[in-house]
Amino acid sequence: PYKQNPRLLIISNHGSHLDALSISASIPTTYWTSLYIAAAKDYFFSNPLFTFFSKHCLGAIPIDRKDKKGEAINLILTLLSTLDRIWLIIFPEGTRSADGKVHDFKRGVSLFAERTKTPLLFIYVDGNNRLWPKGAAFAKPGVMTIHVGPVHPPAPIEVVYTAYKEWAITIAPDAFD
């Protein structure tokens with residue numbers, strides 16, 4: 001979808017610290033120069049080593065989850081509006097799922113899509129929570145599967161969530177409550 005969608009929000013369920021790396025690794029390396037990841041500032045930018053890795057190896061954009069001034073929102077809107085090519089991995093649940101289920105999406109992903117006319121690519125990561133659940137110190141060996149879904153046009157969050165759920169439930173019927 002790169003030639004048809006040079007700007008794309010890649011949205012996925014989020015059950016593990018493995019998610020962003022796994023999604024990135026599933027994208028051909030020729031596109032990595034335009035690939036970014038929205039990452040929690042309080043975790044991925046918490047010390048100099050993490051900051052260096054996040055910034056230079058992951059292409060991570062620091063998202064301050066407690067930001068009341070909207071700096072992270074403005075940064076993402078600016079990037080989506082001004083860059084000719086950008087694929088941004090973002091997790092619309094806002095945090096990793098503690099129980100492995102997909103929870104309601106925060107409205108930010110729709111705000112980004114609608115304001116910048118950027119379509120959304122649906123991804124579902126299967127096995128992520130089993131291999132490195134929230135709260136575990138390290139990942140366990142095993143298999144994860146990245147399912148690539150449809151590209152969805154910008155829409156209100158309720159529409160995006162419903163469409164994502166209808167697609168993802170065909171892959172993982174137990175992923176939703």
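Select Ile 37 and Ile 89 to begin: Ile 37 stands opposite Ile 89, which belongs to β4. The model on screen is a predicted one.

**Strand β2 and its neighbours**

Stay with Ile 37, which is part of strand β2. Is Ile 37 buried or exposed? With a relative accessibility of 3%, Ile 37 is buried, because the cut-off for burial is under 20%. Now show what surrounds Ile 37. Beyond its neighbours within four places in sequence, Ile 37 is in contact with Ala 20, Ser 24, Leu 58, Gly 59, Ala 60, Ile 61, Leu 88 and Ile 89. Add Leu 21 to the selection: its C-alpha atom is separated by 9.2 Å from that of Ile 37, and the two residues are 16 apart along the chain.

Extend the selection to the whole of β2. Of its 6 residues, 5 are buried, and the strand is mostly covered. Which strands pair with β2? One is β4, which runs parallel to β2 and is joined to it by 3 bridges. Another is β3, also paired in the parallel sense, over 4 bridges. To see a point of contact with β3, select Ala 40, which stands opposite Ile 63.

**The largest pocket**

Ala 40 and Ile 63 also lead to the next stop. Together with Arg 65, Phe 91 and Gly 94, they lie nearest the centre of the largest pocket, which 40 residues line. Elements that give two or more residues to this lining are α1 (19-25), β2 (35-40), α2 (41-44), α3 (48-57), β3 (60-63), α4 (71-82) and α5 (108-116). The volume of the pocket is about 1100 Å³. Colour the lining by residue type and it divides into 23 nonpolar, 10 charged and 7 polar residues.

**The second largest pocket**

Next, select Leu 21, Ser 24, Ala 25, Trp 32, Thr 33, Leu 35, Tyr 36, Ile 37, Cys 57, Leu 58 and Gly 59, which line the second largest pocket. Two or more of these lining residues come from each of α1 and β2. Ile 37, the starting residue, is one of the lining residues here. The space in this pocket is about 170 Å³. How many charged residues are in its lining? There are no charged residues; the lining has 8 nonpolar and 3 polar ones.

**Aromatic pairs**

Turn to the rings of Phe, Tyr and Trp. Across the whole structure there are 9 aromatic pairs. Select Tyr 31 and Trp 87 for one that is tilted, with 5.4 Å centre to centre and 45° between the planes. Tyr 31 sits in the loop between α1 and β2, and Trp 87 in strand β4 (residues 86-90), so this pair ties together parts that are 56 residues apart in sequence. The two partners can be compared by accessibility: Tyr 31 is partly exposed at 24% relative accessible area, whereas Trp 87 is buried at 4%.

Then select Phe 122 and Tyr 164, an edge-to-face pair at 5.3 Å centre to centre with 75° between the planes. Phe 122 is in strand β5 (residues 120-126) and Tyr 164 in helix α7 (residues 157-168), so parts 42 residues apart in sequence are tied together by this pair. Phe 122 is buried at 1% relative accessibility, and Tyr 164 is buried at 0%.

Finish by adding Phe 105, Tyr 161, Trp 167 and Phe 176 to that selection: with Phe 122 and Tyr 164 they form one aromatic cluster.

Technical notes: Residues are numbered from 1 along each chain as its sequence is written. This is a predicted model: local features need pLDDT of at least 70, side-chain atom pairs count only at pLDDT 80 or more; totals for chains, interfaces and linings use all residues. Side-chain values use heavy atoms; hydrogens and water are left out. On a 1 Å grid over the protein atoms alone, a cavity is a set of points where a 1.4 Å probe fits but cannot get out, and a pocket is an open set with protein on both sides within 12 Å along at least five of seven lines; lining residues have an atom within 4 Å of a point. Grid points are joined across faces, edges and corners, and a volume is the space filled by probe spheres set on the points. Ala, Val, Leu, Ile, Met, Phe, Trp, Tyr, Cys and Pro count as nonpolar, Asp, Glu, Lys and Arg as charged, and the others, Gly among them, as polar. Buried means under 20% relative accessible area, exposed over 50%, partly exposed in between (1.4 Å probe, protein chains only). Contact means heavy atoms within 4.5 Å. Rings of Phe, Tyr and Trp (its six-membered ring) pair if their centres lie within 6.5 Å; planes under 30 degrees apart count as stacked, over 60 as edge-to-face and the rest as tilted. Two strands pair if DSSP finds at least two bridges between them.
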